[in-house]
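Biologist: I'm new to this structure and would love a close look at one part of it. Could you pick a helix and walk me through its surroundings?

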Amino acid sequence: MAAAAVGRAGSFGSSSSGLGSAAGFSSSSATNNNAELRAGGDEDDGQNLWSCILSEVSTRSRSKLPSGKNVLLLGEDGAGKTSLIGKIQGIEEYKKGRGMEYLYLNVHDEDRDDQTRCNVWILDGDLYHKGLLKFAMEASSLKDTLIMLVVDMSRPWTALDSLQKWASVVREHIDKLKIPPEEMKEMEQKLVRDFQEYIEPGEDFPASPQRRNTSLQEDKDDSVILPLGADTLTCNLGIPVVVVCTKCDAISVLEKEHDYRDEHFDFIQSHIRRFCLQYGAALIYTSVKENKNIDLVYKYIVQKLYGFPFNVPAVVVEKDAVFIPAGWDNDKKIGILHENFQTLKAEDSFEDIITKPPVRKFVHEKEIVAEDDQVFLMKQQSQLAKQPPTAAGRPVDSSPRVPGGSPRTPNRSVSSNVASVTPIPTGSKKIDPNMKAGATSEGVLANFFNSLLSKKTGSPGGPGSVGGSPGGGGTGGAGSNLPPSAKKSGQKPVLTDVQAELDRISRKPEMVSPTSPTSPTEGEAS
């Protein structure tokens, strides 16, 4: 506009100067003609300048990033679809929606200094909402759509069924769009060409998509494109597909808790790669928690939809960071995984090998949960209150106290005599009904010890009387293990102590209960 304003001001000035010369019209006509020629030349230069600017603007508008590109995510509930897109956007926590979610990705081209938005549609994991696909996949925008199938690697036993289920949902919806056969065939052929013309990135990889297309065209002219394998692109959807395995950080958990080994993960990977071959899909292992391969997903999306350069080679060594671009894989490369199988076979069924483990974790948690200390003590108190009160301890402990009646006795023969004579007294059985009273128990003891004293002179003394004769006269028996002096010196104090204890016990019942039957005991003791 500045150039136009200057041009117009110059032209008006030349005409006004021509009109202002009234002295000689003929003499000033040449001057006016020259001024008009100069003004015409300036107008031509201005028109050329504007034409250059307009052509440059139109060229840039044609090279702008296209709008209307779509990414459609499908997968089970809890697979991490929304979290994946939120992580690509730079949002740590993204609230999950219901039905059909709409998000977008900002795509920026630094070379062209241009940016656009890529539409992102996330379908709910419930098949009830599959009718909402009509808002994300239309017949007019199908060729500008990329399908992303999301698999939860923390539950690998659901991987294959999930992929087949959602792929069939997409196929069913595409068939409902009733796209003309010619257009659909052209889309399928383009997908085949892209798969066949894949070039592994290397040192000589072209830096721009234009140069890459040129090199691909030269390769095509040289007839170096290999035919597809028998199991490759047998299910051609006509649009690019990417299989994204999320939560790959759970691989270490599967190894620790469910005894998964490397051959199990190779077995899972081989089946997923076979599926990707059938649909001509790429495979990317990701982890939002560890921020692994998140940026790779974004780069692959913009490469497929906008033609951005992509220089990342395939990665198959790391079991939790696998990346296989579309066109790189084939049956022979998948067969390399089978060489590491030890207990598994390549032809084994996926459902038979990768089974859902039993729920042991929750049972374990229930076992280790302890109740509150106060609750436990209250239960114990209530149980003790329900039990009947125990009887008096004296009758129950009478038999153990028999050998303990003389705690100062060091001689074993006396204790053995007591043990041998224990079943002899029958008076205790007769007095059993009266043993509830505390005084009668001491009378039983008196009867028991009096029976020992009365039988001392007539009985051989049981097994412990080997070293001593009845009456205490036998000193130095031949079969005794103890010295005779020890036995002789040991018996007299024992008997004396027993007699004194019996006298004490015999006197005590008289003070406690005069009617207690202790008179025979007193007669014997006297």
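Modeller: Here is a tour of helix H3, followed by its partner H10 and then another helix pair. Please keep in mind that this is a predicted model.

Let's begin with H3 itself, which covers residues 81-89. Most of this helix is covered, with seven of its nine residues buried. They are Lys81, Thr82, Leu84, Ile85, Gly86, Lys87 and Ile88. What do these buried residues of H3 pack against? Their neighbours include five strands: S1 (70-75), S2 (100-109), S3 (114-123), S4 (145-152) and S5 (241-246). Helix H10 (294-306) is also on that list. Right after H3 comes Gly90, which has a positive phi, near 95°.

Now for the helix partner. H10 has 13 residues and spans 18 Å from its first C-alpha to its last, close to the 18 Å expected at 1.5 Å a residue. Its buried residues are Ile294, Leu296, Val297, Tyr300, Ile301, Val302, Gln303, Leu305 and Tyr306. Just past the end of H10 sits Gly307, with a positive phi of about 75°.

How do the two helices meet? To describe a packed pair, one gives the angle between the axes and the distance between them. For H3 and H10 the angle is about 85°, and the axes are 9 Å apart. Angles of 65 to 115 degrees count as roughly perpendicular, so that is how H3 and H10 lie to each other. On the H3 side, the contact is made by Leu84, Lys87 and Ile88, and these meet Ile294, Val297 and Tyr298 of H10. By type, the residues of this contact are five nonpolar, no polar and one charged. Leu84, Lys87 and Ile88 are buried residues of H3, and they are also its residues in this contact. In an α-helix there are 3.6 residues a turn, so residues three or four places apart point the same way.

For another view of helix packing, turn to H5 (residues 159-176) and H9 (residues 262-279). These two pack at an angle of about 15°, with their axes 10 Å apart. Angles under 35 degrees count as roughly parallel, and H5 and H9 are therefore roughly parallel to each other. H5 passes H9 in a right-handed crossing. Ala159, Leu160, Leu163, Gln164 and Ala167 of H5 make the contact with His271, Ile272, Phe275 and Tyr279 of H9. Here the contact residues divide into seven nonpolar, two polar and no charged.

Conventions:
Residues numbered from 1 in each chain as written. Predicted model: local features only at pLDDT ≥ 70, side-chain atom pairs only at ≥ 80, totals over all residues. Heavy atoms only, no water. Buried < 20%, exposed > 50% of the residue type's maximum accessible area, 1.4 Å probe, protein only. Helix = DSSP H or I, 4+ residues; strand = E, 2+ residues; numbered from the N terminus. Contact = heavy atoms within 4.5 Å. Axes fitted to C-alpha atoms, helices over the stretch in contact; angles between N-to-C directions. Parallel < 35°, antiparallel > 145°, perpendicular 65-115°, else oblique. Left-handed = near helix turned anticlockwise from the far one by under 90°. Nonpolar A, V, L, I, M, F, W, Y, C, P; charged D, E, K, R; others polar. Expected span 1.5 Å × (residues − 1).
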